[in-house]
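The following paragraphs lead the reader through one protein model, from its charged pairs to its helix packing and its interior. Please keep the sequence and the structure in view while reading.

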Amino acid sequence: MSELKQLETFVAVLGLGSLSAAARQLGVVPAMVGRRLDALEERLGVRLLVRTTRSVAPTQEGEAFYEDCQRILAELSEAEAAVASGSGKARGHLRLSAPAGFGRRHVAPHVAAFQRLHPEVKVTLDLSDRLVDLQRDRIDCAIRISDLADSSLVAIRLAENRRVVVAAPAYLASHGVPRSLEDLQRHNCLSLGESQSRGWSFMADGRLVNLKVSGGLECNDGAVLHDWALQGLGLAWRSLWEVKNDLSDGRLATVLDDFASPDYPVYAVVPQRRLLPARVRHFIEHLKKTYAQAGYWD
């Protein structure tokens, strides 16, 4: 067991870049991390890390050993998951992440029902519009609405989703209705900040275009952008599930519909591995069944 902890500690230190960060993740004091690393290097008879007060870096031997350790620990995790999933019983700590607005409306309300079905599962839900790193943040499953450019992750489609450019009628009356993508340059575009760094997506001349937009207001919370749009402060690029009622009631109107981008589905994203723990697998199935209910998105 102590040898396994040494390997886990070594991988955590290099993965997170510091002894203190690894200590927080492992739930031990930094001095214990140092002792485990010392014991590992003494047992192997080779120096694996170059440590200073400010940084940690692998030696040539350490870099090669790090890759082997990652593979070994991943295989061990898969073996444990196979045992757990074989029983079909979900248990343990399920760590979830979801965009703030979507998570409040379409993830959090379904956690309680899931836990009633699987009472041995503890659930932690992180709601944030930042793009979490599943491995660094120790997230079992993240809900995302995007094109998922990161190929190192496995994505399971949960539901369809459209994105539309919207504005309040008062804003359009004052600033005009954009008719072309070039028109966006003279409009105040409400931006999600770094989370939307690639810009807004459109179809133009049969190809997908990511268009950088600008404006005087920016926020990392999509709900705030929604409120700003309702106040008539600018154009916003929002998911249809978020603005559907506002469109029906006339509080918002869509523009540039002829340039609408392809659907941005709702995905459950998990780390790259062949087997999932039962708690993750059952939760994903729980969301898929919920979202597939007739009339759910209405």
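In this predicted model, Arg-91 has a relative accessible area of 37% and is therefore partly exposed, since that class lies between the limits of 20% for buried and 50% for exposed. Arg-91 forms a salt bridge with Glu-120, and the closest N and O atoms of the two are 3.5 Å apart. Arg-91 belongs to the loop between H4 and strand E3 (92-98), whereas Glu-120 belongs to the loop between helix H6 (108-117) and strand E4 (121-127), so the pair ties together parts that are 29 residues apart in sequence. Glu-120 is likewise classed as partly exposed, because its relative accessible area is 42%.

The search of the whole structure finds eight salt bridges. Another of them joins Arg-71 to Asp-68, with 3.8 Å between the closest N and O atoms. Here both partners lie in helix H4 (residues 60-87), three residues apart, which is about one turn of the helix. An α-helix has 3.6 residues a turn, so residues three or four places apart point the same way. Arg-71 is partly exposed, with a relative accessible area of 42%, and Asp-68 is partly exposed as well, with 36%.

A further salt bridge connects Arg-51 and Glu-41, whose closest N and O atoms are 3.5 Å apart. This pair links distant parts of the chain, with Arg-51 in strand E1 (residues 49-51) and Glu-41 in helix H3 (residues 30-44), 10 residues apart. Is each partner buried or partly exposed? Arg-51 counts as partly exposed because its relative accessibility is 29%, while Glu-41 counts as buried because its value is 14%. Asp-38 also takes part, being linked with Glu-41 and Arg-51 in a network of salt bridges.

Helix H3 leads on to the subject of helix packing. Two packed helices are described by the angle between their axes and the distance between the axes. For helix H1 (residues 2-16) and H3, the angle is about 110° and the axes are 9 Å apart. H1 is therefore roughly perpendicular to H3. The contact involves Glu-3, Lys-5, Gln-6, Leu-7, Thr-9, Phe-10 and Val-13 on the H1 side, and Val-33, Arg-36, Leu-37, Ala-39, Leu-40 and Arg-43 on the H3 side. The crossing of the two helices, H1 and H3, is left-handed.

The interior comes next. The largest nonpolar core comprises 41 residues, and those with the most contacts inside it are Phe-102, Cys-141, Ile-143, Leu-158, Leu-235, Phe-283 and Ile-284. Which helix gives the most to this core? Helix H10 (residues 278-291) does, contributing six residues. Leaving aside residues up to four places away in sequence, Ile-284 touches Cys-141, Ile-156, Leu-158, Ala-268, Val-270 and Leu-276. A second core, separate from this one, has 17 residues, among them Leu-40, Leu-48, Leu-49 and Leu-73.

Helix H9 (residues 240-249) completes the tour. Its buried residues are Trp-241, Glu-242, Val-243 and Asp-246. The buried residues of H9 pack against helix H5 (100-106), helix H8 (222-230) and three strands, namely E5 (141-145), E7 (163-167) and E11 (235-239). After H9 comes Gly-250, which has a positive phi, near 85°.

Note on methods:
Residues are numbered from 1 along each chain as its sequence is written. This is a predicted model: local features need pLDDT of at least 70, side-chain atom pairs count only at pLDDT 80 or more; totals for chains, interfaces and linings use all residues. Side-chain values use heavy atoms; hydrogens and water are left out. Buried means under 20% relative accessible area, exposed over 50%, partly exposed in between (1.4 Å probe, protein chains only). Helices (H or I, at least four residues) and strands (E, at least two) are DSSP runs, numbered from the N terminus. Contact means heavy atoms within 4.5 Å. A nonpolar core is a set of buried Ala, Val, Leu, Ile, Met, Phe, Trp, Tyr and Cys residues joined through side-chain atoms within 4.5 Å. A salt bridge is a side-chain nitrogen of Lys or Arg within 4 Å of a carboxyl oxygen of Asp or Glu. Axes are lines fitted to C-alpha atoms, for helices over the stretch in contact, and angles run from 0 to 180 degrees between N-to-C directions. Angles under 35 degrees count as roughly parallel, over 145 as roughly antiparallel, 65 to 115 as roughly perpendicular and the rest as oblique. A crossing is left-handed if the near helix is turned anticlockwise from the far one by less than a right angle, and right-handed if clockwise.
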